[in-house]
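Please find below a short report on the sheet of this protein and the helices packed on it.

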Amino acid sequence: ADTGNGERLAVGDAKWKDIWTASGDPELARQDAYQLTAYMTAGKANAGFLLAPLVGGGTFLKVFRYMMVGSGAPVAVVGVHVPTLLRRDGSGEQLRRDLCGAIAKTLAEAHA
């Protein structure tokens, strides 16, 4: 969304590969981090998101927050269990709410 002054509220990128280490932390390839940084810079974005699927069971949403060096823009690396996200039952509905909440929190950090 455009903020009205040529800046974008946020830029997001999705990866459809497993970016998670055995300990559950994100491990971005250098080119993935550069790509998101380039998108944010070109779009004059106030925040950035990188979404990646969570595989396996047990954890349905992980959020790691960082600050972009130089601009101080918040960046969230978000893991989401896609099969649950797409479910029509209560677990899918709850995960969609939680994901929206995580996105809203990062956007709020961009305007704090």
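The report covers the sheet, its central pairings and the covering helices.

This is a predicted model, in which local features need pLDDT of at least 70, side-chain atom pairs count only at pLDDT 80 or more, and totals for chains, interfaces and linings use all residues. Residues are numbered from 1 along each chain as its sequence is written, and side-chain values use heavy atoms, without hydrogens and water.

Four strands form an open, mixed sheet in the order 1-2-4-3. Strands (E, at least two residues) and helices (H or I, at least four) are DSSP runs numbered from the N terminus, and two strands pair if DSSP finds at least two bridges between them. Strand 1 (11-14) and strand 3 (61-67) are at the edges with a single partner strand each, so one side of each has no neighbour in the sheet. From one strand to the next, the twist averages 15°; angles run from 0 to 180 degrees between N-to-C directions of axes fitted to C-alpha atoms, for helices over the stretch in contact (heavy atoms within 4.5 Å).

Strand 2 (residues 48-53) runs parallel to strand 4 (residues 74-80), with six bridges. Strand 3 and strand 4 are antiparallel, with seven bridges. Bridge partners in strand 4 include the following.

| Residue | Partner in strand 4 |
|---|---|
| Leu51 | Val78 |
| Met67 | Pro74 |

Seven of the seven residues of strand 4 are buried (under 20% relative accessible area, 1.4 Å probe, protein chains only), so this strand is largely enclosed by the rest of the structure.

Helix 1 (residues 30-42) lies across strands 1, 2 and 4, at about 155° to strand 1. Helix 3 (residues 90-110) lies across strands 2, 3 and 4, at about 5° to strand 3.

Definitions and conventions. Buried < 20%, exposed > 50% of the residue type's maximum accessible area, 1.4 Å probe, protein only.
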